[in-house]
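Trainee: Got a minute to go through a model with me? I'd like to talk about charged side chains and pockets.
Mentor: Sure, put it up.

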Amino acid sequence: MHFQSVAAAILLSLSFTIHATQTFKNTGTTSGWSSINQEHKGTVQQVTNVVYGGSTALKMTQVYDSSYSGRYHSEVVHNDMYKLGDEGFYGFTFRLQESWQFSPAQSYNIAQFIADFGDTGCDDYMPSSMVWLIGDQLFTRVKTGSVCAQKTTTFSNLATVSAGVWHKIIIQAKWRADGTGYYKMWFDGKKVLEKYNIDTTVDDGRPFQFRVGLYANGWYDDGGMKGTQGTRQVWYDEIVAGTTFADADPDQQ
């Protein structure tokens with residue numbers, strides 16, 4: 001009986017190993033992305049002086065311009081990260097500049113899943129889940145319903161973010177629109193969100209991109225910048241995705 005139990009455990013372990021698949025990995029380089037989005041005065045740079053684990057990282061910068069009426073994206077883009085019916089883990093590390101001004105609080109998005117719905121007549125590029133800061137608090141969301149009748153569920157004040165240090169985020173999602181999905185998040189190794197039996201995406205089968213980077217959405221949404229810090233910088237490293245937690249944990253790469 002003991003031998004059979006050990007054999008069963010080994011077979012189970014091998015089964016998990018075989019089915020573990022890393023679907024994407026980037027070690028902080030500008031190569032390997034589907035595209036890079038740099039709007040207005042924003043930049044995306046590969047650097048070597050501020051890194052998480054390896055020898056390179058991505059530095060995202062956005063600069064406020066009171067005469068500009070457009071959006072402020074500085075992001076790298078990976079196409080086809082998920083579609084309705086998929087399940088997966090998605091991880092990355094990020095670091096705010098040491099002088100990051102948290103007050104007065106304004107929204108700065110740091111990662112998002114997004115797809116082009118321009119053919120629907122109801123929206124153009126629409127994010128589903130996003131990860132963002134308001135002040136020093138971490139937020140995320142799920143977008144459900146149909147593209148023409150969207151519903152947003154926001155999960156607020158999940159963790160406190162510090163400036164000048166590296167943070168790690170891992171998301172696990174079962175992308176469903178029939179009430180059987182789940183959405184989880186870990187921040188610096190601690191689970192801060194776990195929701196089961198929910199819709200987690202819109203009822204549309206097209207693939208969503210995964211974008212990481214600084215999107216100073218508050219500057220656009222609020223019609224201007226709050227505070228006095230018109231140049232914002234965020235570093236990113238170890239952007240990974242896969243079918244298991246280990247696949248998407250930046251510390252297990």
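Mentor: We'll take the salt bridges, then a lone lysine, then the pocket.
Mentor: Ground rules: residues are numbered from 1 along each chain as its sequence is written, and side-chain values use heavy atoms, without hydrogens or water. This is a predicted model, where local features need pLDDT of at least 70, side-chain atom pairs count only at pLDDT 80 or more, and totals for chains, interfaces and linings use all residues.

Trainee: How many salt bridges does the structure hold?
Mentor: Ten. The term means a side-chain nitrogen of Lys or Arg within 4 Å of a carboxyl oxygen of Asp or Glu.

Trainee: What does Lys-168 pair with in a salt bridge?
Mentor: Asp-251, at 2.8 Å from N to O. Lys-168 sits in strand 11 (residues 166-174) and Asp-251 in the segment after strand 15 (231-242), so the pair ties together parts 83 residues apart in sequence. Strands here are DSSP runs of E, at least two residues, and helices are runs of H or I, at least four, numbered from the N terminus.

Trainee: Is Lys-168 buried or exposed?
Mentor: Buried, because its relative accessibility is 11%. Asp-251 is partly exposed at 46%. The cut-offs are under 20% relative accessible area for buried, over 50% for exposed, and partly exposed in between (1.4 Å probe, protein chains only).

Trainee: Which residues share partners in one network?
Mentor: Arg-206 bridges to Asp-204, with closest N and O atoms 2.8 Å apart. Shared partners join Asp-119, Asp-204 and Arg-206 into that network.

Trainee: Now Lys-143. How far away is the nearest side chain of opposite charge?
Mentor: It is Asp-123, 5.4 Å away; Lys-143 is buried yet has no salt bridge. For charge, Lys and Arg count as positive, Asp and Glu as negative; His and the chain ends are not counted.

Trainee: So what does the Lys-143 side chain have a polar contact with?
Mentor: The side chain of Gln-150, at 2.9 Å. A polar contact is a pair of N or O atoms within 3.5 Å; within protein, one must be able to donate a hydrogen and the other to accept it, and residues adjacent in sequence count only if both atoms are side-chain atoms.

Trainee: Where does Lys-143 lie?
Mentor: In strand 9, residues 137-146.

Trainee: New topic. Which element gives the largest share of the lining of the largest pocket?
Mentor: Strand 8, with three residues. The lining has 14 residues, and among those nearest the centre are Arg-71, His-73 and Tyr-215. A pocket is an open set of points on a 1 Å grid over the protein atoms alone, where a 1.4 Å probe fits, with protein on both sides within 12 Å along at least five of seven lines; lining residues have an atom within 4 Å of a point.
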